[in-house]
Amino acid sequence: MKTGLKQRFHVLIGLAVILIITQLLDTLTGGALSNFGIIPRCAQGLIGIPLSPFLHDNWGHLFSNLPALLVLSALLMAHSIRYYVLASLFIIFMGGALVWLFGRTAIHIGASGWIFGLWGLLLANAFFLRRVKDFFFAILVFVYYGGIVFGLLPWQANISTEGHIFGVISGLVFSWLSKRWIITSH
């Protein structure tokens with residue numbers, strides 16, 4: 001396996017392991033870690049901005065998020081691991097800050113805001129960066145994950161639609177900034 005592919009594979013495996021271990025710890029503590037999610041406009045909820053994407057309500061919640069997170073992450077890492085890490089940090093922090101500022105009163109947890117951010121970024125890169133691989137990825141993402149758009153509608157009270165919306169916004173902003181700063185280079 002080529003070194004670059006091997007590194008990307010290790011990042012994906014490491015991400016999956018971190019999420020699974022975190023869920024295991026949350027299960028063993030009776031869900032105590034879930035209290036470290038984003039709690040809007042509450043000082044203690046600020047810790048949730050970096051932590052919430054790694055916390056899930058239960059195993060079903062984790063395993064519904066994990067495949068999309070890994071696939072979208074792998075696609076974005078085709079640019080570079082550095083680009084993926086910068087994009088992920090931007091999406092997690094900007095999206096989380098927006099949820100903290102404007103989200104409804106609840107504990108917001110889960111990787112879905114991150115997933116929606118990666119989804120929005122991969123689609124927006126086709127528009128802003130206009131490279132062949134970005135068009136290809138946008139088509140793949142649209143065909144296989146186009147239904148994700150329904151997650152932007154407030155269907156269920158226990159789902160953080162705000163996290164989804166602010167994740168997409170963060171991904172779009174990062175793509176726009178990528179064009180301006182040319183941070184996609186390897």
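This is a tour of a predicted model, stop by stop, with a selection to make at each one.

Residues are numbered from 1 along each chain as its sequence is written, and side-chain values use heavy atoms, with hydrogens and water left out. Because the model is predicted, local features need pLDDT of at least 70 and side-chain atom pairs count only at pLDDT 80 or more, while totals for chains, interfaces and linings use all residues.

**Whole chain**

Start with the whole chain in a cartoon view. It has seven helices and zero strands; helices (H or I, at least four residues) and strands (E, at least two) are DSSP runs, numbered from the N terminus. From the N terminus on, the order of elements is α-α-α-α-α-α-α. The radius of gyration is 16 Å, close to the 16 Å that the globule rule gives for 186 residues, so the chain is as compact as a globular protein of that length. That radius is taken over C-alpha atoms, and the globule rule is 2.2 Å times the number of residues to the power 0.38. Along the principal axes, the C-alpha atoms fill a box of roughly 45 × 35 × 30 Å.

Now switch on the surface. The chain exposes about 9600 Å², and carbon and sulfur atoms supply 74% of this area. Accessible areas come from the Shrake-Rupley method with a 1.4 Å probe, and for residues only the protein chains shown count as cover. Of the 186 residues, 46% are buried. Buried means under 20% relative accessible area, exposed over 50%, and partly exposed in between (1.4 Å probe, protein chains only). Of the contacts between residues at least 6 apart in sequence, 80% join residues at least 24 apart; a contact means heavy atoms within 4.5 Å.

**Nonpolar patch**

Select F9, I13, V17, I20, I21, L24, L25, L28, W59 and F63. Together they form a nonpolar surface patch with about 910 Å² of accessible area. Patches are made of residues with over 30% relative accessible area and no salt bridge; like charges are joined within 9 Å, and nonpolar side chains (Val, Leu, Ile, Met, Phe, Trp, Tyr) within 5 Å. Helix 1 (3–28) and helix 3 (59–76) each supply at least two of the patch residues, and helix 1 gives the most, with eight.

Pick I20 from the patch. I20 is in helix 1 and is partly exposed, at 32% relative accessible area. Then move to I18, also placed in helix 1, which counts as partly exposed at 46% relative accessibility. Add F54 to the selection: I18 and F54 are 36 residues apart in sequence, and their C-alpha atoms are 7.8 Å apart in space.

**Nonpolar cores**

Hide the surface and select L69, L76, W114 and L118. In the largest nonpolar core, which has 31 residues, these four touch the most other members. Helix 1, helix 3, helix 4 (81–102), helix 5 (112–128), helix 6 (132–145) and helix 7 (161–181) each give two or more residues to this core. A nonpolar core is a set of buried Ala, Val, Leu, Ile, Met, Phe, Trp, Tyr and Cys residues joined through side-chain atoms within 4.5 Å. Another core, of six residues, lies apart from it and has I38, L98, V99 and F166 among its members.

Keep L118 in view. Leaving out residues up to four places away in sequence, L118 touches L69, L72, S73, L76, Y84, S88 and I91. Next select S88, in helix 4. S88 counts as buried, at 5% relative accessibility, and with the same sequence neighbours left out it touches W114 and L118.

**Salt bridges**

There are two salt bridges in the structure, each a side-chain nitrogen of Lys or Arg within 4 Å of a carboxyl oxygen of Asp or Glu.

- Select R104 and E162, whose side chains meet at 3.1 Å, N to O. R104 lies in the loop between helix 4 and helix 5 and E162 in helix 7, so the pair ties together parts 58 residues apart in sequence. R104 is partly exposed, at 33%, and E162 is buried, at 13%.
- Select R131 and D134, which meet at 2.9 Å, N to O. R131 is partly exposed, at 28%, and D134 is buried, at 1%.

**Two histidines**

Finish with H79, in the loop between helix 3 and helix 4. H79 counts as buried, at 0% relative accessibility. Add H108: the two residues are 29 apart along the chain, and their C-alpha atoms are separated by 30 Å.
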